[in-house]
Amino acid sequence: MTMKKIGKLEKLQYLFLPNKKLNYFIISIIILGVIFGSLFLTVISNSDKNLVITKITDFFTSVTNNSLNYQQAFISSILINYIYIFLIALLGLSIVGIPFIVFLIFFKGFIIGFSVASLIVTYKLKGIIPSILYIFPCQLLNILVVLLLSIYGLTLAKHIFLLLFNKSKINIKNTFKKFIVIIIIALFLSLIATCFEVFVFPFLTKLYLKLFI
């Protein structure tokens with residue numbers, strides 16, 4: 001491997017992983033969210049649990065019967081994902097946004113954990129495959145989006161704090177430019193994740209349901 005390639009790889013690695021401690025912190029919050037989301041289904045009432053099961057079975061029934069409105073599902077999903085992105089982006093511009101970013105990180109993990117647990121509760125062991133299809137690669141891409149945005153959002157908020165209160169000499173313009181690049185990357189990755197979630201996931205799930213459920 002040439003020195004130029006090594007240099008490019010290092011720059012790419014620094015772009016995606018600029019702060020290892022912050023990376024570990026955010027990943028820990030996501031994992032914590034997944035655990036709490038998984039356990040939440042065990043503490044809700046039976047009526048709420050039955051409602052969740054009904055929603056899931058209705059979704060898979062619509063997939064099997066080809067009655068799923070893909071256009072509506074795509075618009076709804078992409079709007080939710082993009083709102084999430086812009087929320088973290090806006091919160092990164094404010095010092096008070098730090099705890100809210102942490103909450104959004106936790107909530108993303110919570111939703112994933114709750115969704116997977118719901119599939120397992122609804123279909124028992126047969127729900128493992130739909131859970132895997134749900135996570136790979138769609139939710140992994142969404143986690144990557146949240147990870148990247150959160151790293152740079154928290155970093156930007158920290159730099160703003162240091163600039164205002166510690167009068168530190170920080171190149172805030174450079175941090176902001178990187179944040180803009182990350183937002184663009186996040187929008188693109190989120191689009192890919194949404195396409196997979198809306199078009200590919202139902203197709204693969206339909207095949208599985210016909211064969212095994």
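Buried means under 20% relative accessible area, exposed over 50%, and partly exposed in between (1.4 Å probe, protein chains only). The model is predicted, so local features need pLDDT of at least 70, side-chain atom pairs count only at pLDDT 80 or more, and totals for chains, interfaces and linings use all residues. Residues are numbered from 1 along each chain as its sequence is written, and side-chain values use heavy atoms, with hydrogens and water left out.

**Exercise 1. Describe the overall composition of the protein chain and the confidence of the prediction.**

Solution.
- Step 1. Helices (H or I, at least four residues) and strands (E, at least two) are DSSP runs, numbered from the N terminus.
- Step 2. The protein chain has 7 helices and 0 strands, in the order α-α-α-α-α-α-α from the N terminus.
- Step 3. The C-alpha trace spans about 60 × 45 × 30 Å along its principal axes.
- Step 4. Of the 213 residues, 39% count as buried.
- Step 5. Contact means heavy atoms within 4.5 Å. Among contacts with a separation of 6 or more, 80% come from residues 24 or more positions apart.
- Step 6. The predictor's confidence in each residue is its pLDDT, from 0 to 100. The chain averages 86, and 90% of the residues score at least 70.
- Step 7. Among the elements, helix H1 (residues 3-16) has the lowest mean pLDDT, 56, and H4 the highest, 93.

**Exercise 2. Determine whether the span of helix H3 agrees with its number of residues, and which side of H3 is buried.**

Solution.
- Step 1. The expected span of a helix is 1.5 Å times one less than its number of residues.
- Step 2. Helix H3 (residues 46-64) has 19 residues and should therefore span 27 Å; its end C-alpha atoms are 27 Å apart, which agrees.
- Step 3. The buried residues of H3 are Val 52, Ile 56, Phe 60, Ser 62 and Val 63. Because they cover an arc of only 160 degrees around the axis, they lie on the same side of H3. The arc is that of the directions from the helix axis to the C-beta atoms.
- Step 4. Asn 46 and Ser 47, on the other side of H3, are exposed.
- Step 5. The packing partners of the buried residues of H3 are helix H2 (20-43), helix H5 (98-123), helix H6 (128-166) and helix H7 (172-212).

**Exercise 3. Identify the residues of the largest nonpolar core that touch the most other members, and the helices that supply this core.**

Solution.
- Step 1. A nonpolar core is a set of buried Ala, Val, Leu, Ile, Met, Phe, Trp, Tyr and Cys residues joined through side-chain atoms within 4.5 Å.
- Step 2. The largest such core has 46 residues, of which Ile 26, Ile 105, Leu 149 and Phe 179 touch the most other members.
- Step 3. At least two residues of this core come from each of H2, H3, helix H4 (70-91), H5, H6 and H7. The most come from H6, which gives 14 residues.
- Step 4. With neighbours within four places in sequence left aside, Ile 26 is in contact with Ile 105, Leu 147, Ser 150, Ile 151 and Leu 154.

**Exercise 4. Explain why Cys 138 forms no disulfide with Cys 195, and classify the accessibility of each.**

Solution.
- Step 1. A disulfide is a pair of cysteine sulfur atoms within 2.5 Å. A search of the whole structure finds 0 of them.
- Step 2. The cysteine sulfur closest to that of Cys 138 is in Cys 195, 10 Å away, which is too far for a bond.
- Step 3. Cys 138 counts as buried because its relative accessibility is 2%, whereas Cys 195, at 29%, counts as partly exposed.

**Exercise 5. Characterise the backbone at Asn 66, Lys 124 and Pro 137.**

Solution.
- Step 1. Asn 66, in the loop between H3 and H4, has a positive phi of about 60 degrees although it is not a glycine. Its relative accessibility is 53%, so Asn 66 counts as exposed.
- Step 2. Lys 124, in the loop between H5 and H6, also is not a glycine and has a positive phi of about 60 degrees. Lys 124 counts as exposed because its relative accessibility is 55%.
- Step 3. Pro 137 is placed in helix H6. A cis peptide bond joins Phe 136 to Pro 137, with omega about -10 degrees.
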